[in-house]
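Here are my comments on the model you sent, set out as numbered points. Please read them with the sequence and the structure open beside you.

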Amino acid sequence: MNTAPRGYPPASLAWSVWGLGALLYLIGFYQRVAPAVMTDQLMIDFSIGATELGNLSAFYFYSYVVMQIPTGIIADRWGPRRLLTAGALVAAIGSALFASAPDLWWANSGRLLIGASVAVAFVSMLKLASHWFAPQQFALASGLALVFGVVGGVIAGVPLRMLIEAWGWRSVMGVSAALTALLAVAIWLRVRDDPVDCAYASHAHSAHGSGHHGSILRGMAEVLSYRNTWILLITPIGIAGSVLTFAGLWGVPYLRQVHGLDTHSAAAVTSLLLIAWAVGGPVLGTLSQRMGRRRPLYIWTTAAALAGWLVVIFAPIPIWLLIVTLLFTGLVSGNLIIGFAFAKESVPVRLMGTASGICNMGPLLGGMLLQPAVGWVLDDNWLGATAAGVRVYDATAYQAGFSLMAGCLVISLCLIPFAKETACQQSK
């Protein structure tokens, strides 16, 4: 057996290894919401309407969702170092393809590659954390991962818009591709799967047990046999999907065309929504833990999110109150963290990883389905108005499109009461 004479790795080394993986997750979130601040340029360059734009943005989600289950298997076989390096390289290629796309087909292909490649970041980060950090630091690393994601979303707001106005979206996306390629090199040179590779002791033996695992397909079938799995997979489609649809694509043009905000201000508002969403996750997750019950808080916060979106969509309120309502709605929509904990507790320990992977598809399915669906409704209600070659949609069209978000939230709210309460205890 290989021993590590120098003890556990120093914090500076552990965090630098983990941080490079976190940077790919940041880039992934940045790419997820970047189309929101370039909607007009994309519509002009590719001569498309809202339907095609929604589908272009959603191509990221198509491949991201598909990659959720196999990513865990590949991480176990390849190790985080090789998987993160490959992911960053493919993301760089996808970004370059998107930046240079001569038509919509190539742009869609670029987005598809980006989504598939950055999908490996989160699982790889968790695997690195389990080897490089003590068990009591694992939760901190998981929470900081979400912070990195939100930072990526904020960069894709006002800063990205300013760069696009100065240099054009193709140039900025080209630079993004180059930086992602540099990250791939840095990951290969710096990241190691386990501290043992650097002659330090590993935390892996204390982070995980050595239980026997059956086949992946058998595990998936068993997880899907639990009623809670289906409920907790479908519920985030409305909750998280609404946030990703608004902040990730349609919020900026809506705030510009209906409420008269300039693009910078509109992007700032959607960034604040993402920040509130990130803050709400750990706050509501901790609160449900202290309550000792998952279902009641999940129901009430989902009802609050539905009420918030109904006000945003239909109430004639001043812009300051609209922003406050969006922040409140983002905060309570952070309840998807309750759903993740709920899902893991609803199955035996040996199935926790599979259950987490399946239920993590819910929020992504929300963005995948709602972004193009809202675009289709916008085009269906378009009255023919344009500005500088870009289609302009009125308040009625946006109300019709965003009603899909509200409808999905109604379904979510109706489903949660049927979930079996776990009382914050792991199933045996």
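1. Ala-388 is exposed in this predicted model, with a relative accessible area of 74%, and because that value is over 50% it passes the cut-off for the exposed class. The residue sits in the loop between strand E1 (386-387) and strand E2 (390-391), and its phi is near 55 degrees, a positive value in a residue other than glycine. Most residues other than glycine have a negative phi, so the backbone at this point deserves a look by eye.

2. Cys-424 also calls for attention on account of its backbone, since its phi is positive, at about 60 degrees, although the residue is not a glycine. Where does Cys-424 lie along the chain? Its place is in the segment after helix H19 (395-415). Cys-424 is buried, with a relative accessible area of 10%, whereas Ala-388 is exposed.

3. Asn-335 is found in the loop between helix H15 (319-333) and helix H16 (336-345), and its relative accessible area of 0% places this loop residue among the buried ones, because the cut-off for that class is under 20%. Which residues does Asn-335 touch, once its neighbours within four places in sequence are left aside? The contacts are with Ile-239, Leu-284, Tyr-298, Thr-301 and Thr-302.

4. Helix H5, which runs over residues 104-118, has 15 residues and reaches 21 Å from its first C-alpha to its last, close to the 21 Å expected at 1.5 Å a residue. At its N-terminal end the helix is capped by Asp-103, with a side-chain oxygen that lies 3.2 Å from the backbone nitrogen of Trp-105. The buried residues of H5 include Asn-108, Arg-111 and Ser-117 as well as Ala-107, Ile-114 and Val-118. These buried residues pack against H1, helix H2 (39-46), helix H3 (50-78), helix H4 (80-100) and helix H6 (121-132).

5. Within H5, Ser-117 can be described in further detail. Is this serine buried or exposed? Ser-117 is buried, with a relative accessible area of 4%, and a polar atom of its side chain lies 2.9 Å from the backbone oxygen of Ile-114, itself one of the buried residues of H5. Leaving aside neighbours within four places in sequence, Ser-117 is in contact with Gly-87, Val-90 and Ala-91. The C-alpha atoms of Ser-117 and Thr-71, which are 46 residues apart along the chain, are separated by 9.9 Å.

6. The second largest pocket holds about 320 Å³ of space. Of the 16 residues that line this pocket, the closest to its centre are Tyr-30, Val-172, Val-175, Ser-176 and Leu-179. Two or more lining residues come from each of helix H1 (11-33), helix H8 (158-167) and helix H9 (169-190), and H9 gives the most, with 7 residues. By class, the lining has 12 nonpolar, 4 polar and no charged residues.

7. Turning to enclosed space, how many cavities of 30 Å³ or more are counted? The count comes to 2, and about 40 Å³ of space lies in the largest cavity. The residues that line the largest cavity are Val-33, Ala-36, Val-37, Gly-153, Ala-156, Gly-157, Ala-247, Thr-270, Ser-271 and Leu-274. Helix H13 (residues 263-291) supplies the largest share of this lining, 3 residues, and the classes divide into 6 nonpolar, 4 polar and no charged residues.

8. The second largest cavity contains about 30 Å³ of space. Its lining is made up of Thr-39, Met-43, Trp-250, Pro-253, Arg-256, Gln-257, Val-390, Arg-391, Tyr-393 and Tyr-398. The elements that give two or more residues to this lining are H2, helix H12 (227-257) and E2, and the largest share, 4 residues, comes from H12. The lining residues divide into 6 nonpolar, 2 polar and 2 charged, whereas the lining of the largest cavity has no charged residues. Strand E2 thus appears twice in this note, here as a contributor to the cavity lining and in the first point as one of the two strands on either side of the loop that holds Ala-388.

Notes: Residues are numbered from 1 along each chain as its sequence is written. This is a predicted model: local features need pLDDT of at least 70, side-chain atom pairs count only at pLDDT 80 or more; totals for chains, interfaces and linings use all residues. Side-chain values use heavy atoms; hydrogens and water are left out. Buried means under 20% relative accessible area, exposed over 50%, partly exposed in between (1.4 Å probe, protein chains only). Contact means heavy atoms within 4.5 Å. A polar contact is a pair of N or O atoms within 3.5 Å; within protein, one must be able to donate a hydrogen and the other to accept it, and residues adjacent in sequence count only if both atoms are side-chain atoms. On a 1 Å grid over the protein atoms alone, a cavity is a set of points where a 1.4 Å probe fits but cannot get out, and a pocket is an open set with protein on both sides within 12 Å along at least five of seven lines; lining residues have an atom within 4 Å of a point. Grid points are joined across faces, edges and corners, and a volume is the space filled by probe spheres set on the points. Ala, Val, Leu, Ile, Met, Phe, Trp, Tyr, Cys and Pro count as nonpolar, Asp, Glu, Lys and Arg as charged, and the others, Gly among them, as polar. The expected span of a helix is 1.5 Å times one less than its number of residues.
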